[in-house]
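Student: I should like to go through this structure with you and ask, for each term we use, what justifies it. May we begin once it is displayed?

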Amino acid sequence: MTFGKERKIAGWLLSAPLLILLAGLLVWPMYLGFQTSMTHDILSDFETYPVGLENYKNLLMEPNFWSAIRFTLMFAFTASIVELILGFALALMFDRVFPGKKILFSLMLIPIMIAPSLMAVMFRLILNENIGVIPGFLKIIGSSYSIFDQNNIFLSLIVLDVIQFTAFTFLLTYSALQNMPSEIYEAAAIDGANKRQTLFRITMPILKPALAIVFLLRILDSIRTFDSIYILTGGGPGTSTQTVGIYIYKTAFIYGDFGLAASAAIVLVFILAPFMPFIIKQFNLGTERSK
Amino acid sequence: MRLKKTSIALATALSLVVGLAVLPNANAATTVKMVLWPGPEGDAMQKVVDAYNSSQGKKDGVNVKMILLSRDNTFAKEAALMKAKSSEYDIYFTASYLVGQHAPYLSDLKGVKDSLYLKASVNSLKVAGKQKALPLDTSLHFMYYRKDLISSLSANAAKYTSIAKTVLGKDLKPNTDPATWTWDDALATAAYFTQKYNPESPTKYGYALPAKNLLYNTMIWNDVLWGLGGNWLKNGKPNLNTPTGKAAIDVYNTIYTKGLTSPDSSQWEYAETNAALTSGNAAIALQWNAAYSELSTTGATKDQVGIAPPPGKGQRTHVHALAVGLNKFSKNQAASAKWMAHLATVPAMRTYATAGGVPSMPTILKGMVSKNASFANVIEYAGKFGYSASAGPREFDIYAALAEVLSPAWSGQKTSADVAAAADEAIKKLQK
């Protein structure tokens with residue numbers, strides 16, 4: 001046996017426990033999900049039987065599913081863009097020494113330590129028109145702005161997501177900034193580059209892979225948003241704030257249609273899958289540059 | 001040789017110990033696992049369980065263990081267990097609006113004495129004439145109003161009539177007896193107590209409207225539909241795309257679009273409706289009977305909250321019962337049946353009521369009126385006005401689908417004409 005072949009076998013053997021674990025935790029449930037998606041599996045019907053691609057056909061003809069996809073993508077892209085810009089701006093602000101930096105840094109991270117569902121419950125109380133602090137403050141300054149009015153609800157949900165997850169983009173972009181070699185900035189300063197030029201021609205191009213990864217991670221996470229919106233709006237009025245996650249939950253656990261819900265979950269996987277090569281590519285790019 | 005004897009003795013002793021440990025104990029009690037949700041019902045039931053385990057349970061050879069799943073997702077978790085035909089829990093938590101969906105997974109209950117219970121509650125747990133679950137707490141709706149405000153209406157009759165004409169386009173006179181209100185009376189009163197139309201109103205809005213896309217809000221809206229003489233179904237066919245169905249949708253639409261409720265009420269449910277009343281921001285609301293204890297003791301409604309049946313010529317209130325049913329796949333059917341039989345007795349339900357539950361037994365509720373005055377209304381309204389949708393196995397789904405289809409009209413995004421046909425279509429789809 002050649003050395004290369006031995007290395008290959010050893011590699012597989014050493015990876016085997018992890019691969020088996022992955023198969024048990026990911027592949028098997030996905031297989032079961034796929035199997036369910038091919039069956040008539042409704043809670044109020046005792047019998048379960050195979051229906052082939054019927055659930056997929058019904059799903060693709062379901063207007064509520066498409067409106068959920070549309071809302072989810074709109075929500076995910078808007079929230080992620082705002083969070084990336086704010087997170088990066090904060091990282092730049094923190095990339096210098098100033099009094100109280102450590103305390104402020106710790107405070108910045110509090111929102112991501114809170115579970116989204118708990119955060120949503122807190123917001124429901126804080127923003128309640130009758131007993132909430134924020135509407136009380138708005139009343140004092142003479143504003144009649146209604147946070148949960150149907151015309152303002154999208155903006156309100158985006159703001160709440162930004163409050164919770166900007167800390168995530170801030171933390172990752174700040175870590176990336178810390179890895180920037182100081183020599184580059186020194187050289188730029190000697191060449192007479194101003195702050196704007198340094199930011200747009202040096203910092204951002206070098207951080208591009210990191211920023212792309214952060215953005216894509218947020219997109220993936222936002223697409224899976226469920227608990228906060230479910231608690232605040234239940235997906236309504238109507239289906240106007242229904243995410244794909246809420247659609248799947250309601251289909252399975254309110255309408256009791258596990259087959260249709262499983263098919264929607266599989267379709268969601270296919271929607272998310274194309275993002276992965278981009279993330280991996282950007283991750284590899286970042287790793288190569290850091291070598 | 002001596003070592004060998006010692007070894008044999010040790011091995012024998014060990015075998016005896018192991019053997020005794022694994023042999024079934026003739027006196028051991030069978031453990032019955034029952035699901036309930038946390039909160040007042042779970043707390044109250046724990047007292048009944050403790051009392052049973054320490055006395056009757058010993059005679060029955062049954063030990064009940066209660067499992068409290070989360071309040072929000074108990075039914076979701078149960079749905080997964082039922083579909084998997086699990087025997088993990090012996091007794092499931094269910095409700096009138098879910099029993100049709102759960103029925104295939106529940107054993108029929110025998111020997112339940114209907115006469116002990118509120119008729120509307122016990123009947124709402126029958127599927128195809130068979131009792132599928134045992135009633136616990138009964139829920140229905142009251143029209144809550146501020147007694148201090150409503151009594152002031154007659155002194156301002158001219159203003160009331162003028163506001164009613166402006167907002168509703170109708171000639172109406174104040175009606176200070178909410179028990180006889182039509183929906184026009186309720187809307188005119190709400191308009192009168194809205195500062196937009198009456199700057200001197202002590203409340204900012206006249207009405208607190210729970211208009212969130214939530215199936216429990218459909219249950220409240222049903223009272224409007226029934227009060228106007230409508231129903232989901234007529235001869236088994238969807239019946240919302242009709243003048244009565246649209247009129248019921250228009251009641252909510254008018255409240256929202258005319259500004260008689262807060263713009264935020266498009267996202268309101270139980271808690272927000274209570275907050276609007278207790279904070280003094282709203283004067284009236286159709287709300288669950290459970291709210292009485294908070295409303296009668298808190299804020300602006302303290303000692304001022306009045307109770308009336310839902311408005312309408314054919315006054316009706318949705319009634320449902322929380323309940324427990326026996327898992328068809330339980331391996332402890334006999335033991336579970338013993339516990340359920342105990343749970344169906346007056347003493348067990350009295351313990352439940354004393355610990356904070358609202359059992360569906362009128363004799364017990366009557367005895368508790370001094371502690372909660374609304375119990376008298378629960379008994380009266382359940383008998384006089386109580387009604388269940390009874391739309392079959394997918395009743396729960398229809399509630400959810402109607403909330404989804406109707407909530408845009410409730411909150412003024414769409415009109416009744418836009419959603420009525422879609423509501424019928426949603427019902428039709430779920431009837432298949």
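**Reasoning from values to terms**

Tutor: Let us begin with strand E3(B), from which B:Ile91, B:Phe93 and B:Ala95 point one way while B:Tyr92 and B:Thr94 point the other way, every one of them buried. Please keep in mind that this is a predicted model.

Student: What makes strand E3 (residues 91-95) of chain B largely enclosed by the rest of the structure?

Tutor: A residue is buried if 20 or more other C-beta atoms lie within 10 Å of its own. In E3(B), 5 of the 5 residues are buried, so the strand is largely enclosed by the rest of the structure.

Student: How do you know that E3(B) and strand E12 (residues 317-326) of chain B pair?

Tutor: Two strands pair if DSSP finds at least two bridges between them. E3(B) and E12(B) have 5 bridges, in the antiparallel sense; the pairing therefore satisfies the criterion of at least two. Within it, B:Phe93 is placed opposite B:Val324 of E12(B).

Student: Why is B:Val419 called buried?

Tutor: The cut-off is 20 or more other C-beta atoms within 10 Å. B:Val419 has 26 C-beta neighbours inside 10 Å, and therefore counts as buried. This residue belongs to helix H19 (residues 416-431) of chain B. Not counting residues up to four places away in sequence, B:Val419 touches B:Ile249, B:Val405, B:Leu406, B:Pro408, B:Ala409 and B:Lys414.

Student: Why, then, is B:Asn239 called partly exposed?

Tutor: Buried requires 20 or more such atoms, exposed requires 12 or fewer, and partly exposed is in between. B:Asn239 has 18 other C-beta atoms within 10 Å, so partly exposed is the term that applies. B:Asn239 is in the loop between strand E9 (237-238) and helix H11 (243-257) of chain B. Leaving aside neighbours within four places in sequence, B:Asn239 is in contact with B:Gly230, B:Asn231, B:Trp232, B:Leu233, B:Lys234 and B:Gly245. From B:Asn239 to B:Ala421 the C-alpha to C-alpha separation is 9.3 Å, with their positions 182 residues apart in sequence.

Student: Which residues of helix H15 (residues 346-354) of chain B are buried, and against what do they pack?

Tutor: The buried residues of H15(B) are B:Ala348, B:Met349, B:Thr351, B:Tyr352 and B:Ala353. They pack against helix H2 (40-54), helix H14 (333-343) and helix H16 (362-367) of chain B. Just after H15(B), B:Gly356 has a positive phi of about 115°.

Student: Turning to chain A, what makes helix H12 (residues 244-254) and helix H13 (residues 258-272) of chain A roughly antiparallel?

Tutor: Their axes come within 7 Å and cross at roughly 160°. Angles over 145 degrees count as roughly antiparallel, and H12(A) and H13(A) are therefore roughly antiparallel to each other. Their crossing is left-handed. In this contact, A:Val244, A:Tyr247, A:Ile248, A:Thr251 and A:Ala252 of H12(A) meet A:Phe258, A:Leu260, A:Ala261, A:Ala264, A:Ala265 and A:Leu268 of H13(A). By class there are 10 nonpolar, 1 polar and no charged residues.

Student: Why are helix H1 (residues 3-37) of chain A and H13(A) called oblique?

Tutor: The axes of H1(A) and H13(A) come within 7 Å and cross at roughly 125°. Roughly perpendicular covers 65 to 115 degrees and roughly antiparallel begins over 145; H1(A) and H13(A) are therefore oblique to each other. H1(A) passes H13(A) in a left-handed crossing. The contact joins A:Gly33, A:Phe34, A:Thr36 and A:Ser37 of H1(A) with A:Phe258, A:Gly259, A:Ala262, A:Ser263, A:Ala265 and A:Ile266 of H13(A). This contact has 5 nonpolar, 5 polar and no charged residues.

Student: Which residues and helices make up the contact between the chains?

Tutor: Chain B contributes 29 residues and chain A contributes 27 residues. On the side of chain B that touches chain A, helix H4 (74-83), helix H5 (99-102), helix H12 (270-278) and helix H18 (395-410) of chain B each supply at least two residues. The largest share of that side, 5 residues, comes from H18(B). By class, the side of chain B that touches chain A has 11 nonpolar, 11 polar and 7 charged residues.

Terms used. Residues numbered from 1 in each chain as written. Chains lettered and ligands numbered in written order. Predicted model: local features only at pLDDT ≥ 70, side-chain atom pairs only at ≥ 80, totals over all residues. Contact = placed C-beta atoms within 7 Å. Helix = DSSP H or I, 4+ residues; strand = E, 2+ residues; numbered from the N terminus. Nonpolar A, V, L, I, M, F, W, Y, C, P; charged D, E, K, R; others polar. Axes fitted to C-alpha atoms, helices over the stretch in contact; angles between N-to-C directions. Parallel < 35°, antiparallel > 145°, perpendicular 65-115°, else oblique. Left-handed = near helix turned anticlockwise from the far one by under 90°.
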